[in-house]
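Colleague: I'm new to reading protein models and could use a guided walk through one. Could you show me?

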Amino acid sequence: MRRETPQKLTDYSPLVFPAGMLIVFFVVPFATMIAVSFFKRNPSGFYTPDFVFDNYARFLSLFFGKVLGFSLMLAIAVAICCIVLAVPFTYLLSRARRRTQVLWLVALLSILSLSEVIIGFAWSTLFSRTAGITNLLVMLGIMDQPVALNPSFGAVLTAMTYQALPYTVLVLYPALVRLDPTLTEAARTLGASPIRAFFTVVVPALRNTIVATLIMVFIFALGCYLLPQILGRPQHWTLSVLITDQAIYQSNMPFAAAMAVFLVLVTLGLVGLTVYAGRKGETA
Amino acid sequence: MTVFLQRLYFGLIGLFLALPIIVVAGVSVNEKQDLAFPPKGFSLGWYAEIFTNVEWRNALFASITLAALSAAVALLIALPLAWFLWRRHAPWANIFQLLGIAPFTLPPVITALGLLTFWAATGFYGQPATAVISHAIFFVTLPLVTLSLGFSSIDRSLVEAAATMGADDRTVFRTVVLPLILPYLVSGYAFAFVLSLNEYIVAYMTVGFTMETLPIKIFNALRYGYTPTMASVTILFVAIAATIFGLVARFGDLPKLLGAMSSRDQE
C-alpha cells in the first residue's frame, strides 16, 4: 500500500487526539511559560500579569553571567570527557559479538534510565568519608585516612560524566555499527596497527558524527538539574539548578520562566548547529 | 596484545559504570543504620523496609501507578500519530512528530516549568492526574520513536496484498500492521514506563507538594540526612530497569531498536 494523500476529512481523524494532546499540554504550557516570563513577580502569590522586561534585565548581572559561564563550561567539560571515553568504547562495542553488544546495551539503558536523584545519592555515597572509595585506598595502604571527596567540582564532573556516558554511547552506536568495516580492514592490510587505524581512519570518517554527538551531549549535560546541587557547592550551580531553585524555593516564577526561555534559545541554537553538522556529514 | 587492551578498556568502563551501584548495594545490607562500606554485618531488613514502612510503600505505589498510566497515555498519543505519518502522505503533519520529540530533547527543567505554569494557570496544580498527563507528554518521544521505526520496517507489499484481497484499513491494521509492530509497541511502553518511574523534576514541579513519588521521596529523605532505605530502593530500581530492558532484549531486537539497522532493513 502506497502512502496516500488524505482525501476525506475523516482521513485526518487519527490525528485529532495526538495533535490535541500535544497542542494543549505542550504548546500551550510553553506559551504560558513565555507569557509568565514577562509577568511581574508577586511576593505573596505566584505572579501578576504584566508586560515587563525586568526578569530579562536581571540577566545583565555579574552573578548571572558567572552562572551562565560556569554552566556552559561544565557542559563542555562533560561532553568532552564523554566523547573521549565513548568513541573508542562504542567502536569496540560495535565490533563485538552480538551477545556482548546486547548485554552492554541492557546495562547502558539501565544506567541511563536511572533517576538523577539516585545517581546523585550513589555518587555522594561513593565520595563520602565513611562509605567512600577512599576507604578502599586506605585498605590498600595508599592513603592514611579516608576523606570526603564532595562537595567539589571533581565530584560534580564525575557524576555528570557518569550520567551522560550511556547517552553518548547510545547516540554514537548506530553510526558506528553502520561504519563500513572494509575501511579499517584496508588500513590494516596496508600495515597500520589497530590503534593507528582507529585514529587515522575511523575517527576522521566519523568527524561529523562526533561533532553532532558532542553538541547533543552538551545539551544533555546542560539539562542536569540535581547533581550540582547534591555534589557541589553553591558556586557549582548551573542554570538548570538556578531555574528549579527560583521556581520552587524562591517562588519567583517570572524570573525562572525568563531563564528557561533563555535556556531554550541556547538549546535551539545548538540543535540548529547539530542539524547543520549532520547535513555537512551527508554531503561529505 | 590488542585483545588484552580491548578487554582492559571494557573492564575499566564497566568498573566506572558499576562502582556506584556496587557501593550502594554494599551500603544497603548494613545491619544498623550507618552509612558504611564495606558493610558492617549483613541484613536484608532495609529491603523489607520499602514494603513495610508506610511512607516508602506509598511512594513506591504512587510511582508505579504514575508510570503505568502515563506510559499508556503516551502510547495512545504515539500510536495514531505514527500510524498516520506512515499511512498518509501529509508533510505538514510532521510538525506533530517534531512536537512529540521536543519535550525530550529540550532540557527537562523547561518542560517541567512550562507544565508548572500551565497547571497553576488553569487551577489544576497539585492534582495527581496532572502528573500522569505531564509524564505522558514528556515521554511520548519514546513510543513515537520506536513505533516510527516499527512502521518503517513493515514490508509495504504485505499491506498491499491484504488490501488487494479486499481488506479495509481497519482490517489491515488489526490483522497485518498490529502484529508486526507489537514488539515496538511493547518496547515503547517499557521505555516510557522505566523512565517515568525514575523521573524527578517534572513530577516534582507538578505534584511535588501533594504527592510523593519514589524519586521525590529519596530526594526529600536525602535532604534530612541518610537512611539505608534509600540504598535498598536504589538497588530495587536498578534491578527493575535491568529486568525490563533485559526482557526487551530477550523478546525484541535491541540493537535494531536503538537504531543499528543494517541498510537492507531500511526502506
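Colleague: Let's start with chain B. In what order do the elements of chain B run from the N terminus on?

Modeller: Before we dive in, keep in mind that this is a predicted model. From the N terminus on, chain B reads α-α-α-α-α-α-α-α-α-α-α-α-α. That's 13 helices and 0 strands.

Colleague: And how much room does chain B take up along its principal axes?

Modeller: Picture a box of roughly 70 × 65 × 30 Å, which the C-alpha atoms of chain B fill. Of the 267 residues in chain B, 48% are buried. Also, if you take the contacts in chain B with a separation of 6 or more, 72% of them are between residues 24 or more positions apart.

Colleague: Which residues of chain B does the UniProt annotation "transmembrane region" cover?

Modeller: The UniProt entry, an unreviewed one, puts that label on residues 7-29, 59-86, 98-120, 132-151, 172-195, 201-219 and 231-252 of chain B. You can then look at what the model does over those spans. Residues 132-151 of chain B are 95% helix and 0% strand, with the end C-alpha atoms 27 Å apart. Residues 231-252 of chain B are also 95% helix and 0% strand, and there the end C-alpha atoms lie 31 Å apart.

Colleague: Next up, helix packing. How do I describe two helices that pack together?

Modeller: Two packed helices are described by the angle between their axes and by the distance between the axes. Now the case here: α3(B) and α7(B), residues 141-152, pack at an angle of about 35°, and their axes are 9 Å apart. The crossing of α3(B) past α7(B) is right-handed.

Colleague: Which residues make the contact between α3(B) and α7(B)?

Modeller: From α3(B) you have B:A74, B:L75, B:A78, B:L79, B:L81, B:A82, B:W83 and B:W86. From α7(B) come B:P143, B:L144, B:L147, B:S148 and B:F151. Sorted by class, this contact has 12 nonpolar residues, 1 polar and no charged ones.

Colleague: Is there a general idea that helps me read residue numbers on a helix?

Modeller: Yes: an α-helix has 3.6 residues a turn, so residues three or four places apart point the same way. Try it on the α3(B) side of the contact, where B:A74, B:A78 and B:A82 are among the residues taking part.

Colleague: B:A78 caught my eye. What does B:A78 touch, not counting residues up to four places away in sequence?

Modeller: B:A78 touches B:G100, B:V140, B:P143, B:L144, B:L147 and B:G188. In the largest nonpolar core, which has 172 residues, the ones touching the most other members are A:V78, A:A221, A:A260, B:A78 and B:L113. Helix α3 of chain B, residues 54-87, gives the most to this core, with 17 residues.

Colleague: Let's move on to the two chains together. How many residues of chain A are in contact with chain B?

Modeller: 71 residues of chain A, and they meet 75 residues of chain B. On the chain A side, α1(A) gives the most, with 16 residues. That side divides into 53 nonpolar, 14 polar and 4 charged residues.

Colleague: What about α5(A), is that helix mostly covered or mostly open?

Modeller: Mostly covered, as 11 of its 11 residues are buried. They include A:F121 and A:W123. The cover includes α6, α7 and α11 of chain A, together with α1, α11 and α12 of chain B.

Colleague: Time for some loops and ends. Why does A:S251 count as partly exposed?

Modeller: Because A:S251 has 15 C-beta neighbours inside 10 Å, and a residue is called buried at 20 or more, exposed at 12 or fewer. A:S251 is found in the loop between α12 and α13 of chain A. A:S251 has a positive phi of about 35°, although it is not a glycine.

Colleague: Where is A:Q7 found, and why is A:Q7 exposed?

Modeller: A:Q7 is in the segment before α1 of chain A. A:Q7 is exposed because it has 8 other C-beta atoms within 10 Å. From A:Q7 to A:S71 is 64 residues in sequence and 50 Å in space, C-alpha to C-alpha.

Colleague: And what is B:A90 in contact with, leaving aside its neighbours within four places in sequence?

Modeller: B:A90 is in contact with A:T5 and A:P6. The place of B:A90 is in the loop between α3 and α4 of chain B. B:A90 is partly exposed, with 16 other C-beta atoms within 10 Å.

Definitions and conventions: Residues numbered from 1 in each chain as written. Chains lettered and ligands numbered in written order. Predicted model: local features only at pLDDT ≥ 70, side-chain atom pairs only at ≥ 80, totals over all residues. Core = buried A, V, L, I, M, F, W, Y, C linked by C-beta atoms within 7 Å. Helix = DSSP H or I, 4+ residues; strand = E, 2+ residues; numbered from the N terminus. Contact = placed C-beta atoms within 7 Å. Nonpolar A, V, L, I, M, F, W, Y, C, P; charged D, E, K, R; others polar. UniProt positions renumbered as here; feature names shortened; annotations may be inferred. Axes fitted to C-alpha atoms, helices over the stretch in contact; angles between N-to-C directions. Left-handed = near helix turned anticlockwise from the far one by under 90°.
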